[in-house]
Amino acid sequence: MLRFIQLIVCNLPRLYMIPRMAYMAGHPEKYTEEACYKYARLAVRRMIRTGRIKTLGYGMENLPKEGGYVMFPNHQGKYDALGIVYTHQKPCAIVIDDAKSHMILTSQFIDLVGGKRLIIGDPRQTVGLMRTISEEVAAGRRYIIFPEGGYHRNHNKVCDFKPGCFKCAIKAKAPIVPVVLIDSYKVFEEWSLRKVTTQVHYLPPLYYEEYKGLSTAQVSEIVHDRIKAYIGKVTKS
């Protein structure tokens, strides 16, 4: 929280970026997806610099070179998606809990990257949203979905995954990319302004040929176990 306050104070001269994000997101006839994502990454880089944050990216060579795919990271806190956007060069959208998506800056950022808002507890909206995401992924878009459904102050421990999150990727027959986040919780959870280093690891994708015929629960378990095992290897825990 202390770092969050610092970021607000240090970036007061850049408040113009918030209405700029809203304008760009609201005028797709003027700004391409690539242009919007480039501006989103600029905002993240400025935040990282003023927040004394260092994020290291690994395994970018594992990302599919062509077509759409879905990234499924473990979830530690508010910085998670930003760390991925910082290390992921191609445009990618974020799926976020609708209840947490309407804060100033968060709302404009989600709209800028073409993200989707999930209304938890509304099965009809969830089904429709997953169908839309599946169609967009099949058409070549990339998404970030947090299968834990939220963060629970679990630090570098991985909670259970919600198998339903994987339906959109399976229906699109798209690559499923496990993403490992390490120490991401330290950015906003620790009451400190000391320099903090986080890590983003992109693991080898699970392609359709490997998971076809498996249930969503089986796919979910495979991705969960790979992320958990990798965190254990890196943190020695």
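**Notes on the predicted model**

1. Let's start with Ile48, which sits in helix H3, the stretch covering residues 33–50. Keep in mind throughout that this is a predicted model. Ile48 has a relative accessibility of 6%, so it counts as buried. Leaving aside residues up to four places away in sequence, Ile48 touches Ile53, Thr55, Tyr79 and Tyr86. If you want a spacing to check on screen, try Ile48 and Gly83: they are 35 residues apart in sequence, and their C-alpha atoms are 9.1 Å apart in space.

2. Next, the sheet. It is an open one with seven strands and mixed pairing, and the order reads E1-E7-E6-E2-E5-E3-E4. At the edges you'll find strand E1 (53–58) and strand E4 (116–118), each of which pairs on one side only. Ignoring direction, neighbouring strands here are turned by 25° against each other on average. As a reminder, strands of a sheet pair through backbone hydrogen bonds, either parallel or antiparallel.

3. How do strands E3 and E4 run relative to each other, parallel or antiparallel? They run parallel, and three bridges join E3 (residues 93–97) to E4. One residue pair to look up is Val95 with Lys116, its bridge partner in E4.

4. Gln199 deserves a look too. Gln199 lies in strand E7, which spans residues 196–202. Is Gln199 buried or exposed? Buried, because its relative accessibility is 18% and the cut-off for buried is under 20%. The Gln199 side chain makes a polar contact with the side chain of His201, at 2.7 Å. Not counting residues up to four places away in sequence, Gln199 also touches Leu56, Tyr58, Val180, Leu181, Ile182 and Val234. Leu56 and Tyr58 belong to the list of contacts, and both numbers fall in strand E1 (53–58).

5. On to the cysteines. How many disulfides does a search of the whole structure find? Zero. Cys36 is in no disulfide, and the nearest cysteine sulfur, that of Cys92, is 13 Å away. Cys36 is also buried, with 6% relative accessibility. Why is Cys165 not bonded to Cys168? The Cys168 sulfur is the closest cysteine sulfur to that of Cys165, but the two are 7.8 Å apart, which is too far for a bond; the cut-off for a disulfide is within 2.5 Å. Cys165 counts as buried as well, since its relative accessible area is 14%.

6. Now the rings. Searching the whole structure turns up five aromatic pairs. One of them is Tyr23 with Tyr31, an edge-to-face pair at 6.2 Å centre to centre, with 75° between the planes. The two partners sit differently with respect to solvent-accessible area: Tyr23 is partly exposed at 32%, whereas Tyr31 is buried at 19%.

7. Then there is the pair made by Phe72 and Phe166. Their ring centres are 4.1 Å apart and their planes are at 20°, so this pair is stacked. Which parts of the chain does the pair link? Distant ones: Phe72 is in strand E2 (residues 69–73), while Phe166 is in the loop between strand E5 (142–144) and helix H7 (167–172), 94 residues apart. Both Phe72 and Phe166 are buried. Add Phe161 and you have one aromatic cluster, formed by Phe72, Phe161 and Phe166.

Conventions:
Residues are numbered from 1 along each chain as its sequence is written. This is a predicted model: local features need pLDDT of at least 70, side-chain atom pairs count only at pLDDT 80 or more; totals for chains, interfaces and linings use all residues. Side-chain values use heavy atoms; hydrogens and water are left out. Two strands pair if DSSP finds at least two bridges between them. Helices (H or I, at least four residues) and strands (E, at least two) are DSSP runs, numbered from the N terminus. Axes are lines fitted to C-alpha atoms, for helices over the stretch in contact, and angles run from 0 to 180 degrees between N-to-C directions. Buried means under 20% relative accessible area, exposed over 50%, partly exposed in between (1.4 Å probe, protein chains only). A polar contact is a pair of N or O atoms within 3.5 Å; within protein, one must be able to donate a hydrogen and the other to accept it, and residues adjacent in sequence count only if both atoms are side-chain atoms. Contact means heavy atoms within 4.5 Å. Rings of Phe, Tyr and Trp (its six-membered ring) pair if their centres lie within 6.5 Å; planes under 30 degrees apart count as stacked, over 60 as edge-to-face and the rest as tilted.
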